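Biologist: Please take a close look at one part of this model for me. I would like to hear about the nonpolar surface patch, and then about what lies buried.

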Amino acid sequence: MLERRREPAGAPSQEQRVTWSQRWADRRRLFREVLSFLSVGGISYLVDVGLSNLLLFGFLGIPALLVASPIKAKIVSTIVSMAVAWVGNRFITYGQRDSGSTLAGLWKFVVVNLIGMVIVVAPLGVTWYLLGLHDPLSYNISTNVIGIGLAMVFRFWAYRTWVFPDRGAQDPAAEVVVTDGFDDTPR
């Protein structure tokens, strides 16, 4: 005769173990996604900061091309770093997701990054034009620390939910119910 193995008092049930296991797997996926997003963003950040400073201040004998135009320098550097971020996020951070059309994703990515660019440029405008601080330190703190930090939080949320949604996951709202027309029982 087979005996049922008894669980010790207070031990988690099978359902609780599955739920905990699923939560842990979800957290690991999110952690990996955040690390990947930050890695791609770090490379894009270096491109953005380096190019914007090069355009505005020059470097090692390379003349500044946009000396009195910090907003234009930041826009140019942001567009170049957007291209780097698109490739990295599309193929590395969110490459495993079935997010639908690449063209639709690119369009959404551009919209999100244009909004992000406004978020980045706003502190720069305040620092440069309202406060009259034109030195490299003030420029970099306002745009490359405060502005990019705020835009990063917005972009992570927008990429995850709108640009690269996980269409492969079960979406209860997308469930198709088929009936034969005679009863209300789904098939």
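Modeller: Here is the patch, followed by the cores. Keep in mind that this is a predicted model.

Start at the surface. Tyr45, Leu46, Leu137, Ile141, Val145, Ile146 and Leu150 form a nonpolar patch of about 680 Å². Two helices each give at least two residues to the patch: H1, spanning 14-57, and H4, spanning 136-163. H4 supplies the largest share, five residues. Take Leu137 as one member of the patch. Leu137 sits in helix H4. Its relative accessible area is 58%, so Leu137 counts as exposed, the cut-off being over 50%.

A general tendency is worth setting beside this. In soluble globular proteins, nonpolar side chains tend to be buried together.

Now go inside. The largest nonpolar core has 12 residues: Phe37, Met82, Ala85, Trp86, Tyr94, Phe109, Val112, Phe156, Ala158, Tyr159, Val163 and Phe164. Helix H2 (70-93), helix H3 (102-130) and H4 each give two or more residues to this core. H4 again provides the largest share, here four residues. So H4 leads in both places: five residues of the patch and four of this core.

Tyr94 is a good residue to inspect within the core. Beyond its neighbours within four places in sequence, Tyr94 contacts Glu33, Phe37, Asn89, Phe156, Tyr159, Arg160 and Phe164. Among these partners, Phe37, Phe156, Tyr159 and Phe164 also belong to the core.

Another core, of six residues, lies apart from this one. Leu55, Ala73, Leu124 and Trp128 are among its members.

Key:
Residues are numbered from 1 along each chain as its sequence is written. This is a predicted model: local features need pLDDT of at least 70, side-chain atom pairs count only at pLDDT 80 or more; totals for chains, interfaces and linings use all residues. Side-chain values use heavy atoms; hydrogens and water are left out. Patches are made of residues with over 30% relative accessible area and no salt bridge: like charges are joined within 9 Å, nonpolar side chains (Val, Leu, Ile, Met, Phe, Trp, Tyr) within 5 Å. Accessible areas come from the Shrake-Rupley method with a 1.4 Å probe; for residues, only the protein chains shown count as cover. A salt bridge is a side-chain nitrogen of Lys or Arg within 4 Å of a carboxyl oxygen of Asp or Glu. Buried means under 20% relative accessible area, exposed over 50%, partly exposed in between (1.4 Å probe, protein chains only). A nonpolar core is a set of buried Ala, Val, Leu, Ile, Met, Phe, Trp, Tyr and Cys residues joined through side-chain atoms within 4.5 Å. Contact means heavy atoms within 4.5 Å.
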